[in-house]
Amino acid sequence: MLDLAITGGTCVLPSGTHAADIGVKDGRIVLVGGPGTLPEATTTVSASGRLVIPGGIDPHIHCQLEWKVTGFPAIYTDPAAPVSRAALHGGTTTLIDFVQCAHDRTIQQSIELWQKTWKDACYCDYGFHLMLNGEIPTSHFDQLADAIQDGHASVKIFTTNIFPGSGGQLMMPHGHIWETLKVVARQGGIACIHAEDNDIVMFMYDKLMRENRVNFEHMAEVHNTLSEELSFNRVIRLAENVEGAALYMVHVSAATGVAALDASRARGFPMYGETLHQYLMYNAEDYKRPGAQVYHTYPSLKYPEDQKRLWEATNRGAIQAIATDELCCPLRVKLQGSRIDDVTGGNAGVEPRVGLMYTQMVTKRGYSPAHFVDMVSSNAARILGLYPRKGALAVGSDADIVLLQTGLEKTIRASDLHETDYTPWEGHVVTAWPTVTILRGKVVVEEGAFHGDLRDGQFQKRKVADDIRSRPAV
């Protein structure tokens, strides 16, 4: 007997979109069949009139991140519990956060410290990127190899310190990047790059402050398109000279970044791009609106022409995944800074992402449901080493399943969401929203009722597939 049957829905399967029923046993999908073909199940969920998709994957979130800017006390962003609860309400079943690999600890010690903050503290499944900052100790290279083999398949690198108040500890020198890429490539991992040209960024901070143009509406002049162009091309050329190196360029924000990815992919190199729904739906003109700090993240919003190119790149181009760069804090913290050097980055976006992107992609732009699923789930799973365990409705996959009600006109309100006290998507109308979310066969959200448990979330070891690292396979 099946534990769970999902019947009567239109399912987005790896083979395409079909009317199908899905059978679940012991947390995994064991049967995918035509309507009415499943054996008896202990529990049956009707998906009639709904689109059935694999659970969303947000590959870029920051929980309990210490945030420090000049002039304000340090704060910590929200922990995994509220973020993961909101994720499940929004149809996302897997989150990938970042382990801060401190220089005064071994990489394994850093991982264990971070695991303690997540174990029995997350409602959904999760994984970790390893974040390496600055001139990393030589001993960390061997430790990094061990960590990748143990299932931490991706490594985060910064080419900039982002803003003056960061303490200057984020940016990794290019020699260290080169060596890190060699280690990651040998071990079969992938490097996740926050790429901006630090010289350009810091010069522009100084220039605008000298000119007394310090309001954050000038942020796109600091984190500018030239900075993205220079840094993307430099780090891509480094990777192209390391056998087996693959890059996942995080939060691509400008047309220049897209062009750099396009060019390398055309040369046959395994380069992948992630953008954020903020960049797709807001631009630098929105910085002029009241309370516009809620739209900001790092790198900054760019210009309408960059938005246009980003959207083009999501159409089977250089952008394969849409993330949030989730950094959840109260509105009072998000609004506390108003200058180019003190505004808080990131925002709360993990819950509305799936509904927003369905609206923007399928309803407004005519993308297929399968293409939409790739962008919010399957491609991140493929690139970052979770597929087909995650990101697929297939026999053997984890039963992470979302029933999406389409054809709606739902207005997003912070008061209806499950995270913090504001949303940058206030007032947006969406045409789809999850009604049921299932995590490894357990119904955790049903028609707004939450049935999750903090012990539900499981850590996910990852291994990047050889084809992802050998060519631009997605």
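User: Which loop holds glutamate 447?

Analyst: In this predicted model, glutamate 447 has a phi near 50°, a positive value in a residue other than glycine. That's worth a look, since most residues other than glycine have a negative phi. At 56% relative accessibility, the glutamate 447 side of things is easy to call: the residue counts as exposed. As for its place, glutamate 447 sits in the loop between β20 and β21 (449-450).

User: And where does arginine 440 lie?

Analyst: Arginine 440 isn't a glycine, yet its phi is positive, about 45°. Its loop runs between β19 (429-439) and β20 (442-446).

User: What is omega near for the peptide bond from tyrosine 298 to proline 299?

Analyst: Most peptide bonds are trans. Proline 299 is placed in the loop between α9 (277-281) and α10. The bond leading into it from tyrosine 298 is cis, with omega near -5°.

User: Which loop contains proline 388?

Analyst: Here's another cis bond: the one from tyrosine 387 to proline 388, with omega near 0°. Proline 388 is found in the loop between α13 (369-384) and β18 (401-411).

User: How many disulfides does the structure hold?

Analyst: A disulfide is a covalent bond between the sulfur atoms of two cysteines. To count as one here, the sulfur atoms must be within 2.5 Å. For cysteine 63, the nearest cysteine sulfur is that of cysteine 122, 7.4 Å away, and for cysteine 329 it is that of cysteine 328, 6.6 Å away. Neither cysteine 63 nor cysteine 329 is in a disulfide, and the total for the structure is zero.

User: Is cysteine 63 buried or exposed?

Analyst: The cut-off for buried is under 20% relative accessible area. Cysteine 63 has a relative accessible area of 2%, so it is buried.

User: Which strands stand at the edges of the open sheet?

Analyst: Eight strands make up this sheet, paired in parallel in the order β6-β10-β11-β12-β13-β14-β15-β16. From one strand to the next, the twist averages 30°. An edge strand has a single partner, so one side of it is left without a neighbour in the sheet. The two that fit are β6 (56-58) and β16 (321-323).

User: Which residue in β14 stands opposite cysteine 192?

Analyst: Strand β13 (residues 190-194) runs parallel to strand β14 (residues 247-249), and three bridges join them. Across from cysteine 192 in that pairing stands tyrosine 248.

User: Which strand gives the largest share of the lining of the largest pocket?

Analyst: The largest pocket has a volume of about 950 Å³ and is lined by 40 residues, with Leu65, Glu66, Gln100, Met131 and Leu170 nearest its centre. By class, the lining divides into 17 nonpolar, 17 polar and six charged residues. Elements supplying at least two lining residues each include β8 (66-67), α2 (107-118) and β12 (154-158). The largest share, four residues, comes from β10.

User: What is the volume of the largest cavity?

Analyst: Two cavities of 30 Å³ or more turn up in the model. The lining of the largest includes Ala348, Gly349, Tyr422 and Thr423, and by class it has six nonpolar, three polar and two charged residues. Its volume is about 60 Å³.

User: Which helix gives the largest share of the lining of the second largest cavity?

Analyst: This cavity has a volume of about 30 Å³. Among its lining residues are Ser253, Tyr279, Asp306, Gln307 and Leu310. The largest share, three residues, comes from helix α10 (residues 304-314).

Notes: Residues are numbered from 1 along each chain as its sequence is written. This is a predicted model: local features need pLDDT of at least 70, side-chain atom pairs count only at pLDDT 80 or more; totals for chains, interfaces and linings use all residues. Side-chain values use heavy atoms; hydrogens and water are left out. On a 1 Å grid over the protein atoms alone, a cavity is a set of points where a 1.4 Å probe fits but cannot get out, and a pocket is an open set with protein on both sides within 12 Å along at least five of seven lines; lining residues have an atom within 4 Å of a point. Grid points are joined across faces, edges and corners, and a volume is the space filled by probe spheres set on the points. Ala, Val, Leu, Ile, Met, Phe, Trp, Tyr, Cys and Pro count as nonpolar, Asp, Glu, Lys and Arg as charged, and the others, Gly among them, as polar. Buried means under 20% relative accessible area, exposed over 50%, partly exposed in between (1.4 Å probe, protein chains only). Two strands pair if DSSP finds at least two bridges between them. Axes are lines fitted to C-alpha atoms, for helices over the stretch in contact, and angles run from 0 to 180 degrees between N-to-C directions.
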